[in-house]
Amino acid sequence: MIWETVRLSLRSIRRNVLRSFLTLLGIVIGVAAVIAMLTIGSGTTEKVKADISKLGSNLLVVRAGRPAGPGGPGGLDQAARPLAEKDVTALVAHLSGARAISPASQKQVRVIFGTESLTSGVTGTDSAYLDARDWKLVSGRPFSDSETRAGTGVCLIGETVRQQFFGAGDPEGEIIRVNRTSCKIIGLLEPKGYTGFGQDQDNVVLMPLHAYQRRVAGNRDIDNIYIAADDRTPTSELQPRVEDILRDTRRITPDRDPDFAIRDMTQIADAMTSATTTMTGMLGAVAGVSLLVGGIGIMNIMLVSVTERTREIGIRLAIGAHEKHILIQFLVEATVLSLLGGIIGILIGLSLAGLTSMALTIPFAPSPAVILLAVGFSALIGMVFGFFPALRGARLDPIDALRHE
Amino acid sequence: MSAPLLITFDKVWKSYGEGEARVHALAGVDLAIRRGEFVAIMGPSGSGKSTAMNIIGCLDTPTAGTYSFMGVDAGRLDRNRRALLRNLYVGFVFQGYNLLPRTTAAENVELPLIYRGVAARERRDLAMQALAAVGLVGREHHTPAELSGGQQQRVAIARAIVTRPTLLVADEPTGNLDTARTHEIMELLTRLNAELGLSIVMVTHEADVADYAGRTIRFLDGHVASDTLKTEEAA
């Protein structure tokens with residue numbers, strides 16, 4: 001009986017291919033929009049998460065300067081004092097719960113090999129840097145502690161630098177010029193790709209902090225201190241301890257604002273993830289409105305269909321169709337129609353999301369739950385918006401309906 | 001006339017409109033039809049014959065009075081119960097055939113069986129039998145557009161008898177047909193009446209069509225004007 005009805009509705013949909021297609025269009029566009037938005041959205045969220053984990057997970061970053069407050073009074077506070085080596089020493093000596101603590105200073109500098117040159121992000125740091133940033137070497141070795149202390153002219157290079165200077169060749173042992181100094185390449189960093197903001201994370205040269213300070217920066221300042229929490233310590237617990245130690249070494253009494261800022265990468269990750277999730281939800285809701293419009297389209301066409309087939313309804317009623325038979329017939333027709341639209345919409349939505357993912361180089365993350373939801377929702381729309389026209393058909397008086405031309 | 005009563009009208013009124021504009025399509029009609037009868041209902045337009053036919057076919061209900069169908073007070077049943085009565089006991093044949101367009105003859109004939117919940121294979125068999133009974137073997141897969149008027153009316157008759165109904169209600173079944181086709185259809189109905197014992201109530205304008213029936217009831221202004229048996233006429 002149900003199968004009969006489904007077959008019947010497919011036939012009546014086929015009979016009016018153009019009209020059915022136009023009716024479907026509303027649902028197709030609605031479902032496609034919802035699917036595309038949610039799929040691209042969850043891809044973006046994954047991308048953001050991945051980007052942030054590239055920075056290193058469970059990471060605190062300390063910078064000189066007052067925390068950016070909402071226009072807080074600068075007051076009599078001294079201009080930002082740069083971080084210094086004694087701050088790092090104090091953290092290494094007193095901070096518990098950290099896996100790695102590493103100072104780093106950066107500058108965009110022209111790097112030269114032979115006749116080639118490249119402007120690269122040169123970072124002076126120590127041997128703990130790779131650990132703190134969760135960064136690995138493809139080949140070679142990190143700097144030793146003695147090299148860091150002595151400021152020896154050695155360096156690690158990123159994949160972009162290698163390609164620029166050596167093509168497919170092995171860079172190890174080669175000498176490159178960084179600013180006025182030269183350094184020997186001792187290792188190659190694992191590629192990290194671009195950040196979400198389009199910054200090439202592989203266009204880098206790492207060198208020992210003292211070498212950088214003396215020969216590149218020309219001062220003893222430290223831009224950042226990276227502190228990676230160990231597995232048992234959440235960054236939220238680590239942050240106040242870092243602040244206490246730094247207040248102590250930098251002699252800042254508790255009643256004054258600190259002259260350094262501690263950024264919790266985990267918090268930033270959470271904030272960005274929740275921002276993209278909210279965005280996705282909002283876009284999905286907007287797309288959902290178009291689904292509603294599609295549903296109204298279905299209702300409209302079903303009303304037309306009932307009117308057009310009044311005589312048919314009369315015949316069916318005369319030969320013994322129960323009210324519910326007519327109701328079910330038109331409900332099934334509306335549901336089949338909108339399900340069909342839903343399925344086409346899902347295919348189009350997924351294709352759109354796939355293409356967009358490729359174009360934006362974000363992961364393609366189709367969610368079975370979202371797809372099921374879209375199928376269920378489009379069927380529901382068919383039933384809800386098909387109900388009123390179907391009821392109207394079922395309630396027709398057979399005598400009037402038979403007279404209808 | 002020992003056959004059991006199939007239909008009785010007991011002071012049946014059917015009125016439309018309100019107050020001054022109130023019109024009585026049937027004004028206290030008394031009528032009895034027995035099983036196996038072939039009755040022609042005649043009368044000018046507005047005489048109430050169509051209204052009577054709709055009530056007989058359980059499509060409509062009287063405003064006042066009692067309509068009994070097979071002993072059931074069909075005039076007091078709700079529309080779904082009347083639908084069931086129609087499905088189980090009544091077959092309809094209309095002037096305009098009223099076949100579903102773009103649907104094959106066999107599928108049209110199967111339609112009432114679908115609403116009875118008969119399984120597909122059995123439906124097919126019964127439809128073939130019904131089509132054979134009306135002489136349409138070989139046309140099962142033709143759609144109405146591919147059939148002549150006479151053939152379409154045969155399909156409609158097959159659809160009406162496929163459920164083996166007790167009563168066949170025919171509303172001007174030959175109204176759209178030429179003389180030759182008219183007589184073919186009327187012979188078919190007469191045969192079904194004689195061979196299957198199918199009771200037939202037929203509304204018609206034409207006297208020669210009415211002549212096929214065993215009994216002719218004339219309506220005039222909502223009353224039964226005359227009720228004659230063929231045998232009486234002959235006598």
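**View 1. Helix α6 of chain A and the strands around its buried residues.** In this predicted model, the buried residues of α6(A) pack against β2 (98-113), β3 (116-125), β5 (154-157), β6 (175-178), β7 (181-189) and β8 (204-208) of chain A, where contact means heavy atoms within 4.5 Å. Helices (H or I, at least four residues) and strands (E, at least two) are DSSP runs, numbered from the N terminus. Those of α6 (residues 159-166) that are buried, meaning under 20% relative accessible area with a 1.4 Å probe and protein chains only, are Glu159(A), Val161(A), Arg162(A), Phe165(A) and Phe166(A). They lie on the same side of α6(A) because they cover an arc of only 160 degrees around the axis, taken from the directions from the helix axis to the C-beta atoms. Just after α6(A), Gly167(A) has a positive phi of about 60 degrees.

**View 2. A salt bridge between chain A and chain B.** Glu107(B) and Arg11(A) join their side chains in a salt bridge (2.8 Å, N to O), a term for a side-chain nitrogen of Lys or Arg within 4 Å of a carboxyl oxygen of Asp or Glu. The count between the two chains is two salt bridges.

**View 3. The side of chain A that touches chain B.** The contact takes 26 residues from chain A and 23 residues from chain B. On the side of chain A, α10(A) gives the most, with six residues.

**Notes.** Residues are numbered from 1 along each chain as its sequence is written, and chains are lettered from A in the order in which they are written. Local features need pLDDT of at least 70, side-chain atom pairs count only at pLDDT 80 or more, totals for chains, interfaces and linings use all residues, and side-chain values use heavy atoms, with hydrogens and water left out.

Terms used. Buried means under 20% relative accessible area, exposed over 50%, partly exposed in between (1.4 Å probe, protein chains only).
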